[in-house]
Amino acid sequence: MSTMSQAFQIASEDDLRDESRKTGTAVGIAFPTSKQDIEGALAEARRRRMPLTLQGARTGITGGAVPDGGLILNLSRMAAVEREENGAGLRVEPGARLFSIREHSPSGLFFPPDPTEPTASIGGMMACNASGAGTYLYGPTRRHVKALRVLLANGEHLDLQRGRDKAKGLEFRLGSLHGVLPPLPRSAVKNAAGYYVEPDMDLLDLFIGAEGTLGILTQASLCLTPMPEAIWAFMAFFPSSPATAAYVHALRQAFRMSKPNARLAAMEYFDAHSLDFLRRQTNAPASRQVPLPDMPPGSSCLYVEVHADSDSAAEEAVLSAVGMLPTFRSNPDAVLLANTPTELERLKLFRHALPEGVNAAIDQRRKQYPGLTKLGTDMAVPDEHLTDILALYEADLAKAGLESVVFGHIGNNHLHVNILPRTPVEYEAGQALYQNWADQVIAWGGSISAEHGIGKLKRGLLARMMGAEGMQQMRQIKQMLDPDFLLNPGNLFLP
Ligand SMILES: Cc1cc2nc3c(=O)[nH]c(=O)nc-3n(C[C@H](O)[C@H](O)[C@H](O)COP(=O)(O)OP(=O)(O)OC[C@H]3O[C@@H](n4cnc5c(N)ncnc54)[C@H](O)[C@@H]3O)c2cc1C
């Protein structure tokens with residue numbers, strides 16, 4: 001006899017996976033369309049003593065939305081976006097997609113977080129505190145959420161407002177729950193690993209970045225930011241990664257000293273293998289074909305975006321930045337400028353095309369070895385270790401002979417190494433490198449996850465970064481808010 005209720009139906013194969021390509025198991029899945037549906041599904045999970053895995057758009061890459069048994073609550077059908085009465089922000093349901101938030105933003109205002117994948121849902125973005133290229137200037141998702149509705153595991157629905165609902169020191173009150181938060185250590189670099197705790201914190205920040213382990217995010221109010229008057233960008237090519245890193249340091253310093261009418265918004269890096277990989281995508285769909293100039297072998301590339309109060313301020317800042325390029329006088333072709341929406345879009349194609357292309361290549365290889373996945377790092381280091389980490393990645397990858405691309409948010413010293421193993425043996429070799437790099441990053445005071453979160457794939461690394469005491473303190477928080485470990489089992493903590 002079937003034990004399926006009306007709320008839960010049989011999950012399809014697709015429902016059991018996310019962009020990490022990890023696959024799980026589940027007894028059933030519900031697609032709520034109202035607050036009451038969500039409350040009903042949670043009540044049913046509690047009654048049946050079954051854990052609940054939360055899903056948004058399943059674009060996450062750490063297996064966070066992949067169920068580990070139990071039931072699934074998929075929020076993608078609650079996707080309404082409305083402008084607030086005073087026009088200053090947007091009220092969104094958790095399944096609202098990033099592209100829809102952009103479409104609904106009034107002209108002259110925008111929502112800055114941009115985790116590259118426009119189909120991501122705001123619930124997933126808040127749960128992971130997602131970032132992206134513009135995070136260098138605008139910060140991660142957390143900074144743009146002014147109010148949050150959260151359903152706790154005990155069935156209480158809370159409305160939390162930034163500036164109003166705050167901890168007193170580390171003491172908190174959330175509905176009928178109250179207690180004292182343990183003082184968790186925070187990495188000084190860009191960081192999305194583990195719970196966020198600060199004395200006197202806004203309590204909604206406890207749920208942002210908690211990867212759905214402390215509550216279900218059921219509605220949010222987002223702040224919008226005035227669109228800059230002018231956006232200019234350029235792409236420059238460098239003979240080596242140390243030359244790129246030296247330029248990044250110099251540019252950050254120059255903008256810190258200059259007038260605030262032009263701001264450095266993003267700096268994105270692509271190593272020589274990334275450029276080769278993109279050049280080889282000749283049979284890929286048009287969205288993954290990036291026109292690249294011919295550059296000497298071994299060249300790496302930097303994308304720089306400037307947001308300014310006027311076209312003249314943007315032009316002055318960009319020309320001055322271009323003038324600082326060591327290669328510019330000898331080879332002006334090594335710089336591509338963009339200052340119209342079409343040109344900017346063309347340069348930005350890189351950012352999406354590369355991870356998409358890597359995922360497609362891995363899917364191809366999985367046909368021969370179904371267990372194979374990409375190995376993707378997400379680590380950030382303090383400024384003074386940018387050159388060191390680039391050198392470490394390059395030396396280790398060359399020695400191991402592994403196919404890889406290194407790219408990402410170099411402005412935040414945050415690079416993604418994607419290793420594309422051809423065989424299970426190469427996968428193991430890549431894993432070993434990853435563990436060694438993580439130990440070095442932790443020793444340098446960096447973070448093992450700067451934006452993707454931990455999910456189910458990086459629990460071992462989180463434990464290394466937080467240490468036994470840090471993990472115990474995180475468990476204490478989980479126990480205060482979700483004593484039966486009902487929500488998102490297997491995320492952050494081993495079951
Ligand atoms: C090509 C590509 C490029 C990417 N680049 C970036 C990047 O540059 N920067 C970056 O930060 N990320 C990047 N990402 C990953 C990004 O984190 C996710 O796309 C996004 O944040 C997750 O949103 P989602 O709706 O797909 O969430 P899902 O994958 O469905 O879920 C992610 C996590 O959030 C939880 N969750 C979802 N909804 C809720 C809710 N309502 N309440 C509580 N918990 C919830 C899930 O349980 C899971 O743990 C990239 C992904 C892809 C595919």
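# A guided tour from helix 1 outwards

Start by selecting helix 1, which lies across strand 7 (145-151) and strand 11 and runs at about 145° to strand 11. Keep in mind throughout that this is a predicted model.

With helix 1 (residues 35-47) still selected, add strand 1, strand 2 and strand 3, because the helix lies across these three as well, running at about 170° to strand 3. These 3 strands form an open sheet in the order 1-3-2, and their pairing is parallel. Strand 1 (28-30) and strand 2 (52-55) stand at the edges with a single partner strand each, so one side of each has no neighbour in the sheet. From one strand to the next, the twist averages 25°. To see the pairing in detail, zoom in on strand 1 and strand 3 (residues 71-74), which are joined in the parallel sense over 3 bridges, and pick out G28, whose bridge partner in strand 3 is L71.

Next, return to strand 11 and select the sheet of 5 strands, which is open, has the order 4-5-11-7-8 and pairs in the antiparallel sense. Which strands stand at its edges? They are strand 4 (81-83) and strand 8 (157-161), and each has a single partner strand, so one side of each is left without a neighbour in the sheet. Here the twist averages 20° from one strand to the next. Within this sheet, strand 5 (residues 89-92) and strand 11 (residues 216-223) run antiparallel and are joined by 4 bridges; select L90 and you can find its bridge partner, L222, in strand 11.

Now colour the largest nonpolar core, a set of 139 residues in which L73, L302 and V306 have the most contacts. The largest share of this core, 8 residues, is supplied by strand 13 (residues 230-238). Before moving there, centre the view on L73, which, leaving aside residues up to four places away in sequence, touches A30, P32, I38, A41, L52, L54, Q55 and I216.

Then move to strand 13 itself, where 8 of the 9 residues are buried, so that the strand is largely enclosed by the rest of the structure. What does strand 13 pair with over 9 bridges? The partner is strand 15 (residues 300-308), and the two run in the antiparallel sense; in this pairing I231 has H307 of strand 15 as its bridge partner. Strand 13 is also joined by 4 bridges to strand 16 (residues 335-338), again with an antiparallel run, and F234 is the residue to select here, since L337 in strand 16 stands opposite F234.

The next stop is helix 9 (residues 341-366), whose 26 residues should span 38 Å at 1.5 Å a residue, in agreement with the 38 Å between its end C-alpha atoms. Looking along helix 9, find L347, on which a kink of about 30° is centred. Several residues of this helix are buried, including L347, K348, R351, A353, L354 and P355.

Finish at R280, in the loop between helix 7 (272-279) and strand 15. Is R280 buried or exposed? R280 is exposed, because 11 other C-beta atoms lie within 10 Å, and the cut-off for exposed is 12 or fewer. As a last selection, add H385, which is 105 residues from R280 in sequence and 32 Å away in space, C-alpha to C-alpha.

Methods:
Residues are numbered from 1 along each chain as its sequence is written. This is a predicted model: local features need pLDDT of at least 70, side-chain atom pairs count only at pLDDT 80 or more; totals for chains, interfaces and linings use all residues. A nonpolar core is a set of buried Ala, Val, Leu, Ile, Met, Phe, Trp, Tyr and Cys residues joined through C-beta atoms within 7 Å. A residue is buried if 20 or more other C-beta atoms lie within 10 Å of its own, exposed if 12 or fewer, and partly exposed in between; C-beta atoms are placed from the backbone. Two residues are in contact if their C-beta atoms, placed from the backbone, lie within 7 Å. The expected span of a helix is 1.5 Å times one less than its number of residues. The bend at a residue is the angle between axes fitted to the seven residues ending there and the seven starting there. Two strands pair if DSSP finds at least two bridges between them. Axes are lines fitted to C-alpha atoms, for helices over the stretch in contact, and angles run from 0 to 180 degrees between N-to-C directions.
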